[in-house]
Amino acid sequence: MKLYYESVGRGGVFLMNVPPSDAGVIDTKEKKIIEEFTAMRSAVFGNNLAAGATATSASVRGGYSGDAGSNILDGNYDTYFATDNNVTTAEIEIALDGAKTFNRVMLQEYIPLGQRVKSFTVQVKKNGAWSTWGRGTTIGHKRILLGNSVTADAVKIRIESALACPVINGFGLYNDTVSGL
């Protein structure tokens, strides 16, 4: 799972590199490791705690159909939140469907239009007050931030710097209680 977070969680590719034997069979021990990893990954990422949330932003691209919520929370890779041209900062506030406990935040950029985000902050709202939960320098295809468990009723993504208008197409909250990371 550590390798998964360090590769896929940072926009890379996860290569398990499990070749078959000369007889075309995967070793039983390696097969068991793959099955255990698959079960762990499903346990962590099988329940997106942001389901049922709504997202809003004051910086939605003019003339773009849809809002930040329907585009970053709909699970459709080809829909995304964007700001107007030359607007390289943004805030997206995600109001959760009740208080949620999580320790992983997943963000995605719409890569067909390029990797744009240079820095961002994740803030959480608990007891009516905002505090910084995590920071990142890039998002790319997929970014998974690992952090301390927190219970919050809202999350704010602050795009602090981007090379061009940000295009965010995915967001998720998860609670990893199984990997020990």
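I will walk through a few local features of this structure, which is a predicted model, moving from the nonpolar cores to strand 4, then to the aromatic rings, and finally to some residues in loops and in helix 2.

Let me begin with the interior. The largest nonpolar core has 29 residues, and those that touch the most other members are I94, F102, V155, I157, I159, F171 and L173. The elements that give two or more residues to this core are strand 3, which spans 90–109, strand 4, strand 6 at 143–162, and strand 7 at 167–174. Apart from this core lies another one, made of 10 residues, among them V8, F37, M106 and I144. If you would like one residue to look at in the viewer, please take F171, which, leaving out residues up to four places away in sequence, touches N48, A50, I72, L73, I94, V105, M106, L107, V155 and I157.

Now to strand 4. How many of its residues are buried? The count is 7 of the 10, so strand 4 is largely enclosed by the rest of the structure. With strand 6 it runs antiparallel, joined by 8 bridges, and S119 stands opposite S161 of strand 6. Strand 4 also pairs with strand 5, again in the antiparallel sense, over 7 bridges, and here K126 stands opposite A129 of strand 5. These two strands, 4 and 5, form a hairpin with 2 residues between them, and in that hairpin N127 takes a positive phi near 55 degrees.

That brings me to backbone angles for a moment. Most residues other than glycine have a negative phi. N127, although not a glycine, has a positive one, and with a relative accessibility of 84% it counts as exposed. N17 likewise has a positive phi, near 55 degrees; its place is in the loop between helix 1 (2–7) and helix 2 (28–45), and N17 is exposed as well, at a relative accessible area of 60%.

Turning to the aromatic rings, the count comes to 10 pairs. One of them, Y77 with Y110, is tilted, with 5.5 Å from centre to centre and 45 degrees between the planes. This pair links distant parts of the chain, 33 residues apart, since Y77 is in the loop between helix 3 and strand 2, whereas Y110 is in the loop between strand 3 and strand 4. Are these two tyrosines buried or exposed? Y77 counts as partly exposed at 29% relative accessibility, while Y110 is buried, at 12%. A further tilted pair is F102 with W133, whose centres are 5.9 Å apart and whose planes make 55 degrees. F102 lies in strand 3 and W133 in strand 5, so this pair ties together parts that are 31 residues apart in sequence. F102 is buried, with a relative accessible area of 0%, and W133 counts as buried too, at 15%.

Beyond the pairs, Y4, Y5, F14, F37, F45 and Y174 form one aromatic cluster. There is also a charge to mention, as the charged end of K156 sits over the ring of W130, 4.4 Å from the ring centre.

I will finish with M40, which lies in helix 2 and counts as partly exposed at 25% relative accessibility. Which residues does M40 contact, leaving aside its neighbours within four places in sequence? They are M1, V178 and S179.

Terms used
Residues numbered from 1 in each chain as written. Predicted model: local features only at pLDDT ≥ 70, side-chain atom pairs only at ≥ 80, totals over all residues. Heavy atoms only, no water. Buried < 20%, exposed > 50% of the residue type's maximum accessible area, 1.4 Å probe, protein only. Contact = heavy atoms within 4.5 Å. Core = buried A, V, L, I, M, F, W, Y, C linked by side-chain atoms within 4.5 Å. Pairing = 2+ DSSP bridges. Phe/Tyr/Trp six-rings, centres within 6.5 Å; stacked < 30°, edge-to-face > 60°. Lys NZ or Arg CZ within 6 Å of the ring centre and 35° of its normal.
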